[in-house]
Amino acid sequence: MTEEKNENVETVAVGEITQYLIEKKFKIKALGINNSGFEMMAVEANDLVAIAKDLKRSKKMNLLNFLTALEVKEGYQTIYQLEETETGKAVSLKVTVAKDSPTIPSLADVFPTANWFEREAYDMIGINYAGHPNLVRILNPDGWEGYPLRRDYIGPCDELNQPISLNAK
């Protein structure tokens, strides 16, 4: 394991997989090792599919264990955890995209489990996964407006969803 300094002048651990991807000339930023011992890195959206295919082929990262999406200051972020099932070794890939164009390439062709994960992230936060085979809502009804996990989301007001009165006695 080597170390790298980021712009905040703090030392970040660079693990084996991160070093491997740096040597392959992918545009990544080492984010260190999490409490579970998994390497974390930020990757460019346009490199995501190539990185996932490379890790699946060469590092035996054959499982997309989970995918989650959230709103961050810089835009919207999807976090992928790829795992090597024989050893349990895992890596977290973080992809951040701007709020005005929240599009990330789909990993559904690389990892079938991405199909429903990406549909949920699309439905709840509005990230478009380019190339997804069926990117439609999975939790909310088809006609639902907006994305419930966005900070600026205002839910519907109807007979079932009334504003909550904070002055109720």
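**Fold and the surroundings of Glu-71**

Read from the N terminus, the protein runs through the pattern β-β-α-β-β-α-β-β-β-β-α-β, where helices (H or I, at least four residues) and strands (E, at least two) are DSSP runs numbered from the N terminus. The model is predicted, so that local features need pLDDT of at least 70 and side-chain atom pairs count only at pLDDT 80 or more, while totals for chains, interfaces and linings use all residues. Residues are numbered from 1 along each chain as its sequence is written, and side-chain values use heavy atoms, with hydrogens and water left out.

Q: Which strand holds Glu-71?
A: The protein has three helices and nine strands. Among these strands, the one that spans residues 63-72 and contains Glu-71 is β5.

Q: Is Glu-71 buried or exposed?
A: Buried means under 20% relative accessible area and exposed over 50%, with partly exposed in between (1.4 Å probe, protein chains only). Because its relative accessible area is 10%, Glu-71 is classed as buried.

Q: The side chain of which residue forms a polar contact of 2.6 Å with that of Glu-71?
A: A polar contact is a pair of N or O atoms within 3.5 Å; within protein, one must be able to donate a hydrogen and the other to accept it, and residues adjacent in sequence count only if both atoms are side-chain atoms. The side chain of Glu-71 also reaches the backbone nitrogen of Arg-151 at 2.7 Å. The side-chain partner at 2.6 Å is Lys-99.
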